[in-house]
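Here is my note on the model you sent, set out as numbered points. Please read it with the sequence and the structure open beside it.

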Amino acid sequence: MQIIVIPDSFKGTFTSIEVIKHIREGFMKHFDAIEFIEIPIADGGEGTVDALVHALKGDRFSCEVHDPLKRRTTANYGICGKTAIIEMAEASGITKISMSERNPLLTSTYGVGELILKALEHDVEELIVGIGGSATNDGGTGMLMALGVKFFDEFGEILDEGGQILNRITRMDCTSLNPLVLKTPITVMCDVT
């Protein structure tokens, strides 16, 4: 018997690779001589790095970044040839914070920018960024801050992070933007038009 297993992640519980493992174990308890074809998939959210690294036979790396509330956390990214795979959920994901901490006015994508900087150290020629599973609504301002951009209010004061700053931004300064970001094409993975 041949079984093709093609799951996405189960939000907040298992990545697609972990789902495949559990399905395989369940079938193996009840059937003999099964051939499994395992294809992990992802939609830009949790498990995107694992699915693409698996499919493209790349490498997975870990580093320390900031979570949505600026606490240190470990996040993964992938390198597949000259392409870096970044997953927003790894740094700024909803599973990184508790239910009581979920406040889009305070959460930030800063850690995503840190992941991008780390991936650029691998001399990649392209970045793929999956933006699903986020705990943030800051419009990417936190990510841009990590990459060197500064945002100012009407009084010329530098703004902090979080969705709370979006309606206060009157000017941005990109002079300190990491130059590698401008030289590297970025593709955004998203399951929403």
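1. I begin with a cysteine: cysteine 63 counts as buried, at 9% relative accessibility, and that figure should be read with the reminder that this is a predicted model. Because the cut-off for a buried residue is under 20% relative accessible area, the 9% of cysteine 63 places this residue in the buried class. Cysteine 174, by contrast, counts as partly exposed, with a relative accessibility of 38%.

2. Which cysteine sulfur is closest to the sulfur of cysteine 63? The closest one belongs to cysteine 80, and at 15 Å it is too far away for a bond. A disulfide is a covalent bond between the sulfur atoms of two cysteines, and the structure holds zero disulfides. For a pair of cysteine sulfur atoms to be counted as a disulfide, they would have to lie within 2.5 Å.

3. For the chain as a whole, the model has 193 residues, of which 44% count as buried, and its secondary structure comprises six helices and nine strands. The C-alpha atoms fill a box of roughly 70 × 40 × 30 Å when this is taken along the principal axes. Among the contacts with a separation of 6 or more, 67% are accounted for by residues 24 or more positions apart.

4. As to the surface, the chain exposes about 10400 Å², and carbon and sulfur atoms supply 55% of that area. The chain carries 17 positive and 28 negative side chains, yet the centres of these two sets lie 3 Å apart.

5. Helix 4, which spans residues 110-120, deserves a careful look, because nine of its 11 residues are buried and the helix is therefore largely enclosed by the rest of the structure. The buried residues of helix 4 include Tyr110, Val112, Leu115, Ile116 and Leu120, and also Gly111, Gly113 and Ala119. The charged residue Glu114 is on the list of buried residues as well.

6. Is glutamate 114, a residue of helix 4, buried or exposed? Glutamate 114 is buried, with a relative accessible area of 17%, a value that falls in this class because the limit is under 20%. The side chain of glutamate 114 reaches the backbone nitrogen of histidine 66 at 2.6 Å. Leaving aside residues up to four places away in sequence, glutamate 114 touches Val65, His66, Arg72 and Ala146, so that histidine 66 appears both in this set of contacts and as the partner of the side chain.

7. Two loop residues complete the picture. Alanine 135 lies in the loop between strand 6 (126-130) and helix 5 (141-146), and this alanine is buried, with a relative accessible area of 12%. Beyond residues up to four places away in sequence, alanine 135 touches Pro68, Ser92, Gly93, Ile94, Ile97 and Thr107. Its C-alpha atom is separated by 23 Å from that of phenylalanine 152, a residue 17 positions apart from alanine 135 along the chain.

8. Glycine 47 is placed in the loop between strand 2 (35-38) and helix 2 (48-56) and is buried, with a relative accessible area of 4%. The C-alpha atoms of glycine 47 and alanine 89 are separated by 8.5 Å, although the two residues are 42 residues apart along the chain. With residues up to four places away in sequence not counted, glycine 47 touches Thr15, Ser16, Ala42 and Glu87.

Definitions and conventions
Residues are numbered from 1 along each chain as its sequence is written. This is a predicted model: local features need pLDDT of at least 70, side-chain atom pairs count only at pLDDT 80 or more; totals for chains, interfaces and linings use all residues. Side-chain values use heavy atoms; hydrogens and water are left out. Helices (H or I, at least four residues) and strands (E, at least two) are DSSP runs, numbered from the N terminus. Buried means under 20% relative accessible area, exposed over 50%, partly exposed in between (1.4 Å probe, protein chains only). Contact means heavy atoms within 4.5 Å. Accessible areas come from the Shrake-Rupley method with a 1.4 Å probe; for residues, only the protein chains shown count as cover. Lys and Arg count as positive and Asp and Glu as negative; His and the chain ends are not counted. The place of a charge is taken as NZ of Lys, CZ of Arg, CG of Asp or CD of Glu. A polar contact is a pair of N or O atoms within 3.5 Å; within protein, one must be able to donate a hydrogen and the other to accept it, and residues adjacent in sequence count only if both atoms are side-chain atoms.
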